[in-house]
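Reader: Could you walk me through how some labels in this structure were assigned? I would like to see the values set against the rules.

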Amino acid sequence: MVWEYLRSEEFKAAVDRAQGVCAVPIGCLEKHGPHAPLGTDTIQAERITRLAAEKEPVVVFPTMYFGEKCGAGEFPGTVIFSLETRWHIFRETCAEIFRNGFRKILFVNGHGGNLSMLDFFIRGMLKELPEVLVFSCDAFGGGGTRARLEELIGNRERYGYLTDGDRAILQDFIRQEKRDGHAGFGETAHILHLMPETLRLDGLRDESGDSTHRFDDFARQGIQSSLAWMANYPNSYQGSNDYVLNERIARAVTEHAVYAVAERFRFLKEERISDTYHAEWLKKQ
């Protein structure tokens with residue numbers, strides 16, 4: 001159920017069918033290597049969330065592209081919003097979702113750079129809007145690339161359209177310990193399945209996705225730096241670029257994410273732990 005597609009007279013029934021859960025896809029606008037579109041994170045967050053909501057009904061809010069991209073303005077097409085703007089947009093969005101009858105709000109995130117921002121925001125809502133329950137998850141299915149590929153290889157019932165050759169390609173990716181990251185195998189697979197007309201696979205190897213390792217000493221010291229990712233990956237591209245990808249594999253990678261996000265919707269609709277503790281916590285404030 002897509003919020004902006006509903007008529008006003010349908011809305012209360014949609015909230016009831018969603019059991020009070022609203023999903024908010026969020027990404028950003030930034031360079032994704034030489035081959036994928038600027039809106040990769042936003043596209044995958046939106047499409048995967050909507051497909052998951054078809055399997056496990058929730059109401060899907062209009063997609064947000066107000067992601068965290070401070071410091072990456074050298075790439076054409078990147079859009080950077082101030083900290084204050086992002087905070088106010090998220091806060092007002094949650095307040096309006098709550099006012100419209102939802103009791104749980106789940107940000108479905110398609111951009112790694114949003115992780116810390118969303119964690120900070122969710123905790124901040126305990127003070128700003130204590131009556132609202134806000135959560136976040138990623139749009140990819142969790143567990144890391146290896147675990148996802150092993151699931152695709154092993155689950156022949158769900159992914160029966162994969163050929164033995166496809167499974168050999170995935171097994172080779174695991175065996176060679178190929179890397180996946182920003183604009184890498186997983187995100188490229190999502191775009192190939194969801195919006196192939198925006199992808200230029202023939203440009204996949206035009207730039208390197210290897211790290212320069214310039215800030216590795218900071219990581220070894222356990223020191224976070226705002227410069228590290230950009231310095232280590234100056235092409236805004238992270239991961240091996242010599243993998244093989246076809247439409248069947250892209251479909252399976254994307255469907256795995258859809259099933260995982262749908263399961264998170266189901267969990268939030270059924271669980272009562274957060275509701276119970278939230279009521280207890282509010283009494284103590």
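**Bridges, burial and cysteines**

Author: Gladly! Arg 99 and Glu 96 both sit in helix 3 (residues 83-99), three residues apart, or about one turn of the helix. Helices here are DSSP runs of H or I with at least four residues, strands are E runs of at least two, and both are numbered from the N terminus. This is a predicted model, in which local features need pLDDT of at least 70 and side-chain atom pairs count only at pLDDT 80 or more, while totals for chains, interfaces and linings use all residues. Residues are numbered from 1 along each chain as its sequence is written, and side-chain values use heavy atoms, with hydrogens and water left out.

Reader: What makes Arg 99 and Glu 96 a salt bridge?

Author: A salt bridge is a side-chain nitrogen of Lys or Arg within 4 Å of a carboxyl oxygen of Asp or Glu. For Arg 99 and Glu 96 the N to O value is 2.8 Å, so the pair qualifies. By this rule the count comes to 30 salt bridges.

Reader: Why is Arg 99 called exposed, and why is Glu 96 called partly exposed?

Author: Buried means under 20% relative accessible area, exposed over 50%, and partly exposed in between (1.4 Å probe, protein chains only). Arg 99 has 58%, so exposed is the right word. Glu 96 has 37%, and therefore counts as partly exposed.

Reader: How do you know that Glu 4 and Arg 50 form a salt bridge?

Author: Their side chains meet at 3.0 Å, N to O, which means that the 4 Å limit is satisfied. This pair links distant parts of the chain: Glu 4 is in the segment before helix 1 (11-17) and Arg 50 is in helix 2 (residues 40-55), 46 residues apart. Glu 4, Glu 46, Arg 47 and Arg 50 are linked in a network of salt bridges.

Reader: Is Arg 50 buried or exposed?

Author: Arg 50 is buried, because its relative accessible area is 17% and the cut-off is under 20%. Its partner Glu 4 is partly exposed at 39%.

Reader: Why is Cys 70 in no disulfide?

Author: A disulfide is a pair of cysteine sulfur atoms within 2.5 Å. A search of the whole structure finds zero disulfides. For Cys 70 the nearest cysteine sulfur, that of Cys 28, is 11 Å away, so the rule is not met. Cys 137 is in no disulfide either, because the nearest cysteine sulfur, that of Cys 22, is 13 Å away.
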